[in-house]
Amino acid sequence: MNRESALRTLSDGDTQSRRVAVRALGQWNDPETLTAIVGALNDHSRDVQEAASDTLLEVGDSRAVQLLVPLLRSDSPSGRNFARLVLERLGKADPQLIIGLSHDPDPRMRIFCSNILGGMCDHDFAPALHHLLKDSDVNVRDAAIVALGRLGASESVPRLAPFLATEEPWVRFSAIDALSKIPGPEAGAALLASIPTMESELREAVVDAIGQQGSPSSVEPLLEFCDRYPEVKRAVLRVLSGPLKPAVLARPPGPFTERLSAALAAELDRPALDDRWTMTVLEMLGAIGGAAQAPAVLKALRTGLPKVVAAAIPVLIRLQPAVDRALAAEIRESLSLLNAGRKERS
Amino acid sequence: VTATSKTILLIDDSQTVHRMLQWALKPAGVGTLTASDGKEGLEVLGREAVDLIIVDMNMPGMDGVEFVRSVRAMPERQELPIIMLTTERRDQDMKLAYDAGVDMYLVKPSSPPVIRYKVLSLLGLQDVGNEAPGGAAP
């Protein structure tokens with residue numbers, strides 16, 4: 001297929017032919033061909049749009065960026081979204097053109113600007129997004145917050161933190177989510193600092209975000225929230241036993257681990273515990289030690305629930321040498337009874 | 001019929017929006033499934049029982065309007081409630097969505113109580129005669 005034939009097919013061929021033509025056009029680099037390829041992003045067939053997008057990702061340059069930006073105003077949702085997607089990958093070829101959209105009078109363009117800058121995964125674009133945090137349109141501010149989370153630049157933390165207290169719950173949630181994606185102690189500290197003033201039904205989301213953010217310095221303050229905010233106790237323990245477990249295990253035994261093991265053991269006393277959570281608690285207790293909690297583990301063993309029993313046995317074996325004689329004897333007896341029962345059944 | 005027996009499919013290319021909607025719907029007690037574009041949404045719909053869909057308009061791959069058209073082309077999905085939740089507030093986009101077959105068009109950011117109210121209303125689990133909390137959405 002030569003260039004002229006491919007251009008003709010792209011304008012009047014059937015879907016399959018147009019798809020093949022737009023792929024073939026990638027081998028020519030003149031302005032007319034590039035314009036035709038970009039125009040195919042507005043094709044009524046998604047197959048052709050995808051083929052045009054693939055071609056542009058292979059051959060696109062700053063000229064393509066200039067042709068793609070106007071397509072963001074397309075009346076076709078798929079056309080403007082394919083343009084957005086391709087610009088996220090090609091935008092670095094002409095970043096000023098993308099940044100220029102942050103001053104566009106149309107808020108939709110400023111939202112696309114945020115989306116594209118966030119997708120360009122380069123901290124250099126954070127200042128342009130900081131500017132959009134002051135936008136008069138709430139959806140532009142929200143899109144800028146989400147984009148800054150995608151960039152993950154720690155210098156954005158002081159700009160994002162005030163949004164944790166904004167009146168708009170949607171934006172507040174986006175700020176929580178964005179900070180959860182920014183590495184470093186600053187983002188963790190900002191999330192922790194928001195808990196006391198955060199509405200109670202969002203506190204669990206903040207705790208989860210702190211876990212996802214993963215800063216080891218969050219571990220100790222997080223445990224303190226267990227007592228102050230009972231509604232997030234389970235979430236805190238879940239996070240300390242999950243994403244923050246490596247940070248917990250890296251700490252030496254001491255008052256912190258004792259408090260944590262006591263809080264975990266108290267979970268075993270709750271009525272109607274589900275197997276999965278009980279196993280998580282037992283595994284964490286086994287990992288951090290805490291002989292003082294052996295009676296709670298023994299109680300879990302006596303529930304007889306197969307999965308819980310299986311999780312409790314190694315914990316008790318590990319704790320046994322550290323407990324007093326009477327309790328050690330009790331543990332041995334329970335384990336022997338269990339063993340005897342198993343033999344009898346088999 | 002209770003909310004806990006209902007499943008909502010959330011289709012948006014932003015995981016932040018997935019989490020936001022899951023949090024907003026949590027007090028309603030409904031279950032949720034997620035997909036990141038219309039194509040994935042159709043796959044989920046093909047294998048799971050879904051009682052209501054919340055879909056974004058602007059998504060890469062299959063956008064929300066094309067997704068809704070595909071769903072409405074299925075004879076067994078003509079009555080499945082669909083809410084489009086989007087930042088697009090132009091009349092022409094709203095018309096495009098309603099022409100495709102959505103039951104409701106909400107402009108972001110809708111407050112969590114409004115989203116819950118609209119979802120429960122469409123599921124027939126709330127008295128639709130009550131005034132929507134936090135102001136009516138378009």
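1. Disulfides come up empty: over all chains there are zero. The term stands for a pair of cysteine sulfur atoms within 2.5 Å. Take Cys113(A): its sulfur lies 15 Å from the closest cysteine sulfur, in Cys121(A), so the two are too far apart for a bond. Cys121(A) is likewise in no disulfide. Cys113(A) is buried, at a relative accessible area of 0%. Cys121(A) counts as exposed, at 55% relative accessibility. Here buried means under 20% relative accessible area, exposed means over 50%, and partly exposed lies in between (1.4 Å probe, protein chains only).

2. A word on the basis of this note. This is a predicted model, in which local features need pLDDT of at least 70, side-chain atom pairs count only at pLDDT 80 or more, and totals for chains, interfaces and linings use all residues. Residues are numbered from 1 along each chain as its sequence is written, chains are lettered from A and ligands numbered from 1 in the order in which they are written, and side-chain values use heavy atoms, with hydrogens and water left out.

3. Aromatic pairs number three over all chains. Rings of Phe, Tyr and Trp (its six-membered ring) pair if their centres lie within 6.5 Å; planes under 30 degrees apart count as stacked, over 60 as edge-to-face, and the rest as tilted. One pair is Phe225(A) with Tyr229(A), tilted, with 5.6 Å centre to centre and 35° between the planes. Phe225(A) and Tyr229(A) are both buried. Another tilted pair is Tyr98(B) with Tyr105(B), at 6.4 Å and 40°. Tyr98(B) is partly exposed, at 35% relative accessibility. Tyr105(B) is buried, with a relative accessible area of 0%.

4. Which ring lies under the charged end of Arg251(A)? The ring is that of Phe256(A), and the charged end sits over it, 4.4 Å from its centre. The test for such a placement is NZ of Lys or CZ of Arg within 6 Å of the ring centre and within 35 degrees of the ring normal.

5. Salt bridges total 37 over all chains. Each needs a side-chain nitrogen of Lys or Arg within 4 Å of a carboxyl oxygen of Asp or Glu. In chain A, Glu88(A) bridges to Arg84(A), with the closest N and O atoms 3.8 Å apart. Glu88(A) and Arg84(A) are four residues apart in helix α6 (residues 77-90) of chain A, so about one helical turn separates them. Both Glu88(A) and Arg84(A) are buried. Helices (H or I, at least four residues) and strands (E, at least two) are DSSP runs, numbered from the N terminus.

6. Another bridge of chain A joins Glu267(A) and Arg270(A), at 2.9 Å from N to O. Glu267(A) is buried, with a relative accessible area of 0%. Arg270(A) is partly exposed, at 35%.

7. In chain B, Asp103(B) and Arg72(B) form a salt bridge, with the closest N and O atoms 2.9 Å apart. This pair links distant parts of the chain, 31 residues apart. Asp103(B) is in the loop between α4 (91-100) and β5 (104-107), while Arg72(B) is in helix α3 (residues 64-72). Asp103(B) is partly exposed, at 38% relative accessible area. Arg72(B) counts as buried, at 13%.

8. Now the interface. Contact means heavy atoms within 4.5 Å. By that test, 32 residues of chain B touch 27 residues of chain A. The area buried between chain B and chain A is about 2,600 Å², and carbon and sulfur atoms give 54% of that. Buried area is the accessible area (1.4 Å probe) that two parts lose on being put together, summed over both. Thr16(B), Trp23(B) and Pro109(B) supply 24% of the area that chain B buries against chain A, more than any other three residues.

9. How many salt bridges are there between chain B and chain A? The count is nine. Asp93(B) and Arg80(A) meet in a salt bridge, at 3.1 Å from N to O.

10. Trp23(B) deserves a look of its own. Trp23(B) is in helix α1 (residues 15-25) of chain B. Its relative accessible area is 11%, so Trp23(B) counts as buried. Beyond its neighbours within four places in sequence, Trp23(B) is in contact with Pro169(A), Phe173(A), Glu201(A), Leu202(A) and Pro112(B). Trp23(B) and Ala49(B) are 26 residues apart in sequence and 21 Å apart in space, C-alpha to C-alpha.
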